[in-house]
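Me: I would like a close look at a single part of this model, followed outward to whatever surrounds it. Please take the time to connect the pieces.

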Amino acid sequence: EKQKETADFQQSRQEAQSNLTDEERLKSILPEVAEASHAAIKEYRRGAMGILEVTDAANLWLTTIVNERAAYYAYLSNLAKMERLTGGEWKVRYE
């Protein structure tokens, strides 16, 4: 049982690190994706871009937001699991 808990803890730690890396990467590209989406909307309003291109840009922006939040939620879930596996000995700062 102790080995299983240790393995679960290590797996959760690796998953948490991976999720945090994904979250940080996605957060860093959000401003660029949002800017591209807003620019596409402006171009559409001027008649310089088709609706499909605009919806693709908006979809990419919204998907990036959803994926960033999902990665952050998964990261927090892994931290909570690690805290639970140690019986509260390993405290997490959720900031």
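Which residues does Leu79 touch, not counting residues up to four places away in sequence?

Reply: The model is a predicted one, and what follows should be read with that in mind. Leaving aside residues up to four places away in sequence, Leu79 touches Ala16, Trp90, Val92 and Tyr94. Leu79 also belongs to the largest nonpolar core, a set of seven residues in which Phe9, Ala16, Tyr75, Met82, Leu85 and Val92 are the other members. Two elements, helix H1 (2–45) and helix H2 (51–85), each give two or more residues to this core, and H2 gives the most, with four residues. In soluble globular proteins, nonpolar side chains tend to be buried together.

Elsewhere in helix H2 there is a charged residue to consider, for Glu68 lies in that helix. Glu68 counts as buried because its relative accessibility is 4%, which is under the 20% limit for that class. Its contacts, again without residues up to four places away in sequence, are with Glu23, Leu26, Lys27 and Leu30.

A surface feature completes the picture: Tyr44, Ile51 and Leu52 make a nonpolar patch of about 320 Å². Of these residues, Tyr44 lies in helix H1, and Tyr44 counts as partly exposed because its relative accessibility is 40%, a value between the 20% and 50% limits.

Definitions and conventions:
Residues numbered from 1 in each chain as written. Predicted model: local features only at pLDDT ≥ 70, side-chain atom pairs only at ≥ 80, totals over all residues. Heavy atoms only, no water. Core = buried A, V, L, I, M, F, W, Y, C linked by side-chain atoms within 4.5 Å. Buried < 20%, exposed > 50% of the residue type's maximum accessible area, 1.4 Å probe, protein only. Contact = heavy atoms within 4.5 Å. Patch = residues over 30% accessible without salt bridge, like charges linked within 9 Å, V, L, I, M, F, W, Y side chains within 5 Å. Areas by Shrake-Rupley, 256 points an atom, 1.4 Å probe, with all protein chains shown as cover. Salt bridge = Lys/Arg side-chain N within 4 Å of Asp/Glu carboxyl O.
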